[in-house]
Amino acid sequence: MLSQLKQARYFLLFVFLFSYAQSIQVRFLIRQKLNWFIFTPEAAIASLMSSCVLFLILYFFIKRWQKSELFSFKEVLKIFSFSLLVFLATMKTIGLLLALLFDTFERNFNQKTLLLSTFSELMDAIIYGSFFLTYYYYQKNKTNQKQLIVYNQALAETKIDRLKAQLNPHFLFNNLNVLDQLIEEDQLQASDFLNEFAEIYRYVLQVSDKKIIALEEEYAFAKKYFNLMQYKYGTAYQLQTETLDLSGSIVPLTLQLLLENAIQHNLGTEANPIRIKINRDSKLTVSNTIVPKRNSKTLSGRALQNLKEQYFLLTKDQIEIEKTATTFSVSIPLISN
């Protein structure tokens with residue numbers, strides 16, 4: 001209870017100040033002059049106490065009758081109506097006990113006074129009850145929004161982890177295929193490839209539990225990965241690097257996947273190499289020339305789709321893909337450190 005009162009302290013202060021201003025207005029309209037009595041706070045304190053009784057009644061019926069987590073006008077109307085009736089009955093009972101105790105029954109419970117006091121209490125109950133319901137459902141909505149944000153974050157993190165779990169075997173299997181072909185062609189090169197592959201795969205394992213990584217680290221890894229691919233392809237695929245602003249972060253394995261995408265989809269030769277370029281402006285762009293492979297099996301594009309989903313979950317920004325007759329480019333949003 002103390003915790004709830006502390007949380008609602010500003011709301012209760014608002015109710016007190018409102019009732020205080022209301023009491024000043026009523027007294028001034030009746031007396032038509034200013035004096036010290038108009039500014040005494042006992043009427044405001046009494047209004048605050050009666051309002052708290054109303055709030056407890058409303059809270060009781062909300063907990064008892066509200067079935068839905070969503071706002072329901074029908075439920076609120078039912079709660080408000082019954083709360084008003086119970087509040088009026090409670091206030092009249094308290095008033096009756098006080099009147100009998102102080103022998104003021106005739107003065108306080110004659111027909112005219114009873115009607116006026118009941119009408120006044122009803123109007124106050126509607127006003128202060130509306131304040132309470134507005135405050136209660138505002139706080140409830142704010143709590144629901146926080147829970148929704150936490151839930152969405154947990155869901156996004158779970159989905160990102162699932163997507164990242166798909167990338168490790170993807171990287172492993174594709175490079176084992178390269179190794180398999182090298183074994184048939186050149187066992188010495190295959191041995192060198194395997195040693196270097198073991199080194200860079202450590203990086204893959206290290207970043208497997210990270211959602212983002214510094215662009216500088218990823219860029220260095222991408223160049224090592226491309227050097228590894230040259231064991232098989234030689235100068236048929238050429239990576240053009242330049243001095244880049246390496247601030248910011250990206251999703252791990254982004255550059256590696258885009259380099260792999262360029263190699264898998266295009267047929268490079270020493271006479272007509274595929275040129276891959278990495279540059280940066282507002283986004284980081286990886287582009288390559290296009291020479292489609294013939295008679296190759298259809299590629300699913302799952303890795304690129306996986307990457308698109310990760311960036312959308314992390315940044316709500318889309319990866320931009322542009323294809324012309326001669327070039328293919330992918331622009332990815334950078335994540336601020």
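Here are some exercises on this predicted model, each with a worked solution.

**Exercise 1. The largest pocket**

Describe the largest pocket: what is its volume, which residues lie closest to its centre, and which elements line it?

*Solution.*
Step 1: Start with the volume, which is about 1,200 Å³ for the largest pocket.
Step 2: Next, look at the lining. Of the 35 residues that line this pocket, Ala-46, Met-91, Ser-117, Ser-120 and Glu-121 are the closest to its centre.
Step 3: Now find the elements. Those that give two or more residues to the lining are α2 (9-31), α3 (42-65), α4 (73-102), α5 (105-108) and α6 (111-185).
Step 4: Finally, sort the lining residues by character: 17 are nonpolar, 12 polar and 6 charged.

**Exercise 2. A walk along α4**

Compare the span of helix α4 with the expected one, and find its buried residues.

*Solution.*
Step 1: Helix α4 has 30 residues, and 43 Å lie between its first C-alpha and its last.
Step 2: At 1.5 Å a residue, the expected span is 44 Å, so the two values are close, given that the expected span counts one less than the number of residues.
Step 3: Buried means under 20% relative accessible area. The buried residues of α4 include Phe-80, Phe-87, Leu-88, Met-91 and Lys-92.
Step 4: Keep Lys-92 in mind, as a charged residue that is on the buried list. Lys-92 forms a salt bridge with Glu-121, with the closest N and O atoms 3.4 Å apart.
Step 5: Because Lys-92 lies in helix α4 and Glu-121 in helix α6, the pair ties together parts that are 29 residues apart in sequence.

**Exercise 3. Two more salt bridges**

How many salt bridges are there, and where do Glu-199 and Arg-202, and Lys-283 and Glu-320, lie?

*Solution.*
Step 1: Counting nitrogen and oxygen pairs within 4 Å, the model has 6 salt bridges.
Step 2: In one of them, Glu-199 and Arg-202 have their closest N and O atoms 2.9 Å apart. These two residues are 3 apart in helix α7 (residues 187-206), so about one helical turn separates them. Arg-202 is partly exposed, at 45% relative accessibility.
Step 3: In another, Lys-283 pairs with Glu-320, and their closest N and O atoms are 3.0 Å apart. This pair links distant parts of the chain: Lys-283 sits in the loop between β4 (274-280) and β5 (284-289), while Glu-320 belongs to strand β6 (residues 320-323), 37 residues apart.
Step 4: Check the accessibility of each partner. Lys-283 is buried, with a relative accessible area of 11%, whereas Glu-320 is partly exposed, at 45%.
Step 5: Look for shared partners. Lys-283, Asp-317 and Glu-320 are joined into one network by salt bridges that share partners.

**Exercise 4. A small enclosed space**

Which residues line the second largest cavity, and how do they divide by character?

*Solution.*
Step 1: The structure holds 2 cavities of 30 Å³ or more, and the second largest has about 30 Å³ of space.
Step 2: Its lining consists of Leu-258, Asn-261, Val-286, Asn-288, Phe-328 and Val-330.
Step 3: The elements that give two or more residues to this lining are α9 (254-265), β5 and β7 (327-332).
Step 4: By character, the lining has 4 nonpolar residues, 2 polar and no charged.

**Exercise 5. The two faces of β2**

Which residues of strand β2 are on the covered face, and which are on the uncovered one?

*Solution.*
Step 1: Recall the general pattern: in a regular strand, side chains alternate between the two faces of the sheet.
Step 2: In β2 (residues 237-240), Tyr-237 and Leu-239 make up the covered face, and Gln-238 and Gln-240 the uncovered one.
Step 3: Now look at the neighbour. β2 pairs with β4 in the parallel sense over 4 bridges, and Gln-238 has Arg-275 as its bridge partner in β4.

**Exercise 6. Positive phi**

Where do Gln-32 and Asp-103 lie, and are they buried or exposed?

*Solution.*
Step 1: Most residues other than glycine have a negative phi.
Step 2: Gln-32 is not a glycine, yet its phi is positive, about 60°. Gln-32 lies in the loop between α2 and α3 and is exposed, at 56% relative accessibility.
Step 3: Asp-103 also has a positive phi of about 60° without being a glycine. Asp-103 follows α4, in the loop between α4 and α5, and is exposed, with a relative accessible area of 70%.

Key: Residues numbered from 1 in each chain as written. Predicted model: local features only at pLDDT ≥ 70, side-chain atom pairs only at ≥ 80, totals over all residues. Heavy atoms only, no water. 1 Å grid on protein atoms, 1.4 Å probe; cavity = no way out; pocket = protein on both sides within 12 Å on 5 of 7 lines; lining within 4 Å. Points joined across faces, edges and corners; volume = space filled by probe spheres on them. Buried < 20%, exposed > 50% of the residue type's maximum accessible area, 1.4 Å probe, protein only. Salt bridge = Lys/Arg side-chain N within 4 Å of Asp/Glu carboxyl O. Pairing = 2+ DSSP bridges.
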